[in-house]
Amino acid sequence: MKRIIILFILAINLNLAFGQDSQFSQFYATPLYLAPSFAGATDGDRLAVSYRNQWPSIPNSFQTFTFSYDHYYPKLKSGLGVLILRDQAGSGYLATTNFGIVYSYNIKFRNKWSFRPGINFMYTQRDIDYSKLTTIDEIYDPNSPGSIIDDKFVERKADIDASVSGLAYNKNYWIGFTMDHLLKPNRSLTGDVSQDPFKYTLFGGAKFSIFEKYNLLSGQSISPAFLFKYQEKYTQLDLGLYWYQMPLVIGVWYRGIPIFKNMPSSDALVFLIGMKLDQISIGYSYDLTISQLVGHTGGAHEISINYTFNQGVTQRMKRKGLPCPTF
């Protein structure tokens, strides 16, 4: 006789997982994840690595890893890259793995604006280790061997997916959009059909030099920016400001939409400190929870490293870079 496992908690977690994608506070440090249009946004090669530990005070919290590499081909006016993402709850109870091939094309206009359409095709997989779940039998009898999983439950489910984006920018301003889950992949582990909902992202900002005309502390700049995401019933707005004086970067962000009662009013304050040199950027950020979960989550820690090389091999190849931050 098959015994019953505690799967209603798992079912809830699966529905939540389908409802909202992984996120990063340093979203410009994961450029290919933010928008395929960022592929080849430098003049050569770029490696980007990020790690996020969300809600460490809660057992089996979410941890997310990303790795990306992209290269710009000047003769083709194109960027090509790969993106790998691994998101897991704790010791691997529930995990998502994505592997994507990313492409973008650069269109330059005479008015000094440029536009970059982009696309990402990916293999996506969700998996779970049922042996690490606690069963009803094990709660009442620690020596119990556990429960047998229903035949319709699977440990791994794979599918394909795609996303598209567009990015417009000039020397001081940028604005872009992304639409994810165009193919609405089914990654249900319970034998049902549960497709990932569309996700819409709008982002933008500006970069301003300060004290430049007075030749005082030259090289300083400030960059206000925003990120808005909508996915099914989940809505999120991030508003922030970066201050940069080589090599130091300091940033602060507010996550929430306080003027709309039917949306999350206050979620977190994000504080960033980083170092940005010619070829490498290293950043650390901390999310301070200010919602009703304050004092229970431990916030979120995030580390990012971006390394660029083979930049501007010839003067003819050299392009004006995007004004977007790298954190």
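Here is a short chat about salt bridges in this predicted model.

Trainee: Why is the contact of D127 with R86 called a salt bridge?

Mentor: The closest N and O atoms of D127 and R86 are 3.5 Å apart. A salt bridge needs a Lys or Arg side-chain nitrogen within 4 Å of an Asp or Glu carboxyl oxygen, so this pair qualifies. D127 sits in strand β6 and R86 in strand β3, 41 residues apart, and the pair links distant parts of the chain.

Trainee: How do you know whether D127 is buried or exposed?

Mentor: Buried means under 20% relative accessible area. D127 has 11%, so D127 is buried.

Trainee: And what makes R86 partly exposed?

Mentor: Its relative accessible area is 27%. Partly exposed covers what falls between under 20% and over 50%, so R86 belongs there.

Trainee: What makes D180 and K199 a salt bridge?

Mentor: Their N to O distance is 3.7 Å. That is within 4 Å, so the pair counts. D180 lies in strand β8 and K199 in strand β9, so the salt bridge ties together parts that are 19 residues apart in sequence.

Trainee: Why are D180 and K199 called buried?

Mentor: D180 has 9% relative accessibility, and K199 has 7%. Each value is under 20%, so both residues count as buried.

Trainee: How do you know that D238 and R255 form a salt bridge?

Mentor: Their closest N and O atoms are 3.2 Å apart, which is within 4 Å, so the rule is met. D238 and R255 are both buried. Salt bridges that share partners also join R52, D238, R255, D287 and E302 into one network.

How values were computed
Residues are numbered from 1 along each chain as its sequence is written. This is a predicted model: local features need pLDDT of at least 70, side-chain atom pairs count only at pLDDT 80 or more; totals for chains, interfaces and linings use all residues. Side-chain values use heavy atoms; hydrogens and water are left out. Helices (H or I, at least four residues) and strands (E, at least two) are DSSP runs, numbered from the N terminus. Buried means under 20% relative accessible area, exposed over 50%, partly exposed in between (1.4 Å probe, protein chains only).
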